[in-house]
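Dear colleague,

Please find below the sequence and structure that I am handing over to you. My notes on the ligand and the pockets follow.

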Amino acid sequence: MNIKDKNLYYIGGVVRDEILGKPSFDTDLTYRGNAIDFAKTIPDIEILQINEPFGTVRIKSGGKEFDIASTRTETYPRKGHLPEVDKIGCSLKEDVMRRDFTINALAKSTLTGEIIDYTNGLEDIKNKTLRILYDTSFIDDPTRIVRRLKFAVRFGFDSDEHTRKLQNDYLDNINYDMSYKRLKKELVETFNLNKREAFEKFIKQRIYKLVAPVDFTLPEYDFENLIKMNLSNISQSNIWIIYVGLLPDISNLPLTKAENKIIEEFKKLKSTIFNNDFEICKAFNAAPIESVIMYSTVNHKTAEKYLTKLKNIKLTLNGKDLQNLGIAPNAKYRECFDYILKTKIPNPQMTKADELKLAKEFFNLS
Ligand code: ATP
Ligand code: MG
């Protein structure tokens, strides 16, 4: 970014990531003053979006997009929901104090490159410590508890004792009137990392209680590897539901149609008794792969057998081949395919000619 101004700072994650030597997902900037007014004075940029109440502006410069926020203070009139802006154009120090952790409260001048550290964030990065900035932080915004988990797992950081105590205090007294949309966003980002460690901490530290006041214990089976092995068939944005969807109640979370289907199909598999490989194949072929991986917590041998072996047993014969035998498409097609599949499962080396022979047998053709 080549926009430089004495009042313009890189802020938050981007500064933290640079110090850690890690790539950043996005570049956040803050302007000490009114960012919208400032953006209008920058030559050769495009203003993409303005959010007047929050004093933020999205710009495009040199082919890249950046968010510039105005320095602002906030209050939480409804705890657990979006904050309200108190003052736009406050000091940089006031601005960083509304943030989540000291490691995310660093600013870096775009003009001089100087790092401004009002909260001892540099020291905490060095010591791999996640520390909140004020005592009622989790009450204002409990999604910070999940953000804590996300950063702990992503960077291998741990909380200071006081932060941990305040987290425990909050989890003993959760206010369930919160923004579940925001909570979901953090859960998605945390669990899409696909780390068993995140799941362990989520449960051991009782963070799952934020989703619903239920009891839940860590499933014995570790399916992190099953996810890794099947990544090409799983949408990256669905990994989280394989983990969080195992909770007995996630009805508070706003789910997409695809996410709901994953849960429904998992429940269906869970309540089915499978008598043989053919039944496993039929049921699992019809379910999203995410549901199959969730099923590994019910019976990992069955899920593994399906994913490593049964899933790959496919018929080479298709409807066209049956038509070529002179059979008009009808409901018997499906029965015929099932008949062949039953034979092919224990004999996966079967060729198309073998399948054709079975099809003829099925339809009593010579
Ligand atoms: P990531 O690398 O996942 O993007 P990030 O720290 O950059 O992590 P963002 O969600 O992009 O996180 O937010 C940018 C900055 O905004 C954070 O670094 C932090 O200073 C502040 N922030 C984000 N979410 C919260 C929150 N819930 N409460 C307080 N401050 C927050
Ligand atoms: Mg970011």
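**The ligand and its surroundings**

Helix 6 contributes the most residues to the shell around ligand 1, namely 6. Please bear in mind that this is a predicted model. The elements that supply two or more residues to this shell are helix 1 (13–20), helix 6 (143–155) and helix 8 (180–191).

In total, 19 residues surround ligand 1, and the closest of them are Arg16, Asn104, Asp141, Arg144 and Arg154. What is the make-up of the shell by class? It holds 13 charged, 4 polar and 2 nonpolar residues.

Several polar atoms of the protein lie beside oxygen atoms of the ligand, and three such pairs are described here. For Asn104, a polar backbone atom is 2.8 Å from an oxygen atom of ligand 1. For Gly13, a backbone N or O atom lies 3.0 Å from an oxygen atom of ligand 1. In the case of Lys150, a polar side-chain atom is 3.5 Å from an oxygen atom of ligand 1. On its own, ligand 1 has 580 Å² of accessible area, of which the protein covers 85%.

**The largest pocket**

Where does ligand 1 sit? Ligand 1 occupies the largest pocket, which contains about 1600 Å³ of space. This pocket is lined by 46 residues, and those closest to its centre are Asp28, Arg72, Arg147, Lys185 and Glu186. Two or more lining residues come from each of helix 1, helix 6 and helix 8, and likewise from strand 2 (28–31), strand 3 (46–51), strand 4 (56–61), strand 5 (64–70) and strand 6 (72–75). By class, the lining comprises 23 charged, 14 nonpolar and 9 polar residues.

**The second largest pocket**

The second largest pocket holds about 220 Å³ of space. Its lining consists of Lys282, Asn285, Ala286, Ile313, Lys314, Leu315, Phe337, Asp338 and Leu341. Which helix gives the most to this lining? Helix 17 does, with 3 residues. Both helix 13 (277–285) and helix 17 (332–344) provide at least two residues of the lining. The classes in this lining are 5 nonpolar, 3 charged and 1 polar.

**In brief**

To recapitulate, ligand 1 sits in the largest pocket, and 13 charged residues belong to the shell around it. Helix 1, helix 6 and helix 8 each give two or more residues to that shell, and the lining of the largest pocket also draws two or more residues from each of these helices.

With kind regards

Notes
Residues numbered from 1 in each chain as written. Chains lettered and ligands numbered in written order. Predicted model: local features only at pLDDT ≥ 70, side-chain atom pairs only at ≥ 80, totals over all residues. Heavy atoms only, no water. Near = heavy atom within 4 Å. Polar contact = N/O pair within 3.5 Å; in protein donor to acceptor, adjacent residues only side chain to side chain. Areas by Shrake-Rupley, 256 points an atom, 1.4 Å probe, with all protein chains shown as cover. 1 Å grid on protein atoms, 1.4 Å probe; cavity = no way out; pocket = protein on both sides within 12 Å on 5 of 7 lines; lining within 4 Å. Sits in = over half its atoms within 2 Å of the grid points. Helix = DSSP H or I, 4+ residues; strand = E, 2+ residues; numbered from the N terminus. Nonpolar A, V, L, I, M, F, W, Y, C, P; charged D, E, K, R; others polar. Points joined across faces, edges and corners; volume = space filled by probe spheres on them.
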